[in-house]
Amino acid sequence: MKINELFEDITPSELNYIEQIADAFWNKLGIDVKFTRHFMDRVNDPRNKTPITADELIQLFKKEYQMYGKDIAELGANAEAVMKDLISKINLPFVIAGAGKHKQLVSKTVMRKDNFKTPGSEYKV
């Protein structure tokens, strides 16, 4: 299903759908994906220039799971890092909250930006 093809804002219901898709991958590693309110605000921010689409976010979570899922699953509570898509230029800072069966990957924000700088770990796809 391709949603958000006309580059309209991602709606709360679309964001819930994206979260369900991301959870389908990450739950296999015992991780629940969560989006913050700031994430929702920033996903539709005009500073992204080219709007971020639902399909781009789904692909980012899928690629990150395939390439770095086990590494990210081993991060401890309060670990912070950034998922980076080098083609779309989407940067997704996240924090690991909780531990064990209650581990969450909390997506703090998202932005489309070249040369995004972070002092933390980067997971580039």
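The protein chain has a mean pLDDT of 90, and 94% of its residues reach 70 or more, where pLDDT is the predictor's confidence in each residue, on a scale from 0 to 100. Over residues 1–6 the pLDDT is below 50, and beyond near neighbours in sequence this stretch has 13 contacts in the model, a contact being heavy atoms within 4.5 Å. This is a predicted model, in which local features need pLDDT of at least 70 and side-chain atom pairs count only at pLDDT 80 or more, while totals for chains, interfaces and linings use all residues. Residues are numbered from 1 along each chain as its sequence is written, and side-chain values use heavy atoms, with hydrogens and water left out.

A good place to begin is the interior. The largest nonpolar core has 33 residues, and those with the most contacts inside it are Trp26, Ile72 and Phe94. Such a core is a set of buried Ala, Val, Leu, Ile, Met, Phe, Trp, Tyr and Cys residues joined through side-chain atoms within 4.5 Å; buried means under 20% relative accessible area, exposed means over 50%, and partly exposed lies in between (1.4 Å probe, protein chains only). Two or more residues of this core come from each of α1 (12–26), β1 (31–35), α2 (37–43), α3 (54–73), β2 (80–85) and β3 (90–97), the helices (H or I, at least four residues) and strands (E, at least two) being DSSP runs numbered from the N terminus. The element that gives the most is α3, with 8 residues. Leaving aside neighbours within four places in sequence, Ile72 is in contact with Trp26, Glu64, Met83, Phe94, Ile96, Leu105 and Tyr123.

From the core the path leads to the strands. In a regular strand the side chains alternate between the two faces of the sheet. Along β1, Ile31, Val33 and Phe35 point to one face and are buried, whereas Asp32 and Lys34 point to the other face and are not buried. Strand β1 runs parallel to β4 (residues 103–107), and 5 bridges join the two; strands count as paired if DSSP finds at least two bridges between them. Within this pairing, Val33 has Leu105 as its bridge partner, and Asp32 has Gln104. Strand β4 is mostly covered, with 4 of its 5 residues buried. It is also joined to β3 by 4 bridges, and these two strands run antiparallel, with Ala97 standing opposite Gln104. The hairpin of β3 and β4 has 5 residues between the strands, and in it Gly98 takes a positive phi near 75°.

The loops hold further details of the backbone. Most residues other than glycine have a negative phi. Asn78, in the loop between α3 and β2, has a positive phi near 75°, and this residue is exposed, with a relative accessible area of 62%. Lys89, which lies in the loop between β2 and β3, has a positive phi of about 70° although it is not a glycine; at 34% relative accessibility, Lys89 counts as partly exposed.

A last stop is Thr109, in the loop between β4 and β5 (111–112). Thr109 is buried, with a relative accessible area of 10%. Its side chain is joined to that of His38 by a polar contact of 3.2 Å, which is a pair of N or O atoms within 3.5 Å; within protein, one must be able to donate a hydrogen and the other to accept it, and residues adjacent in sequence count only if both atoms are side-chain atoms. Apart from neighbours within four places in sequence, Thr109 is in contact with His38, Phe39, Arg42, Asn91, Leu92 and Pro93.
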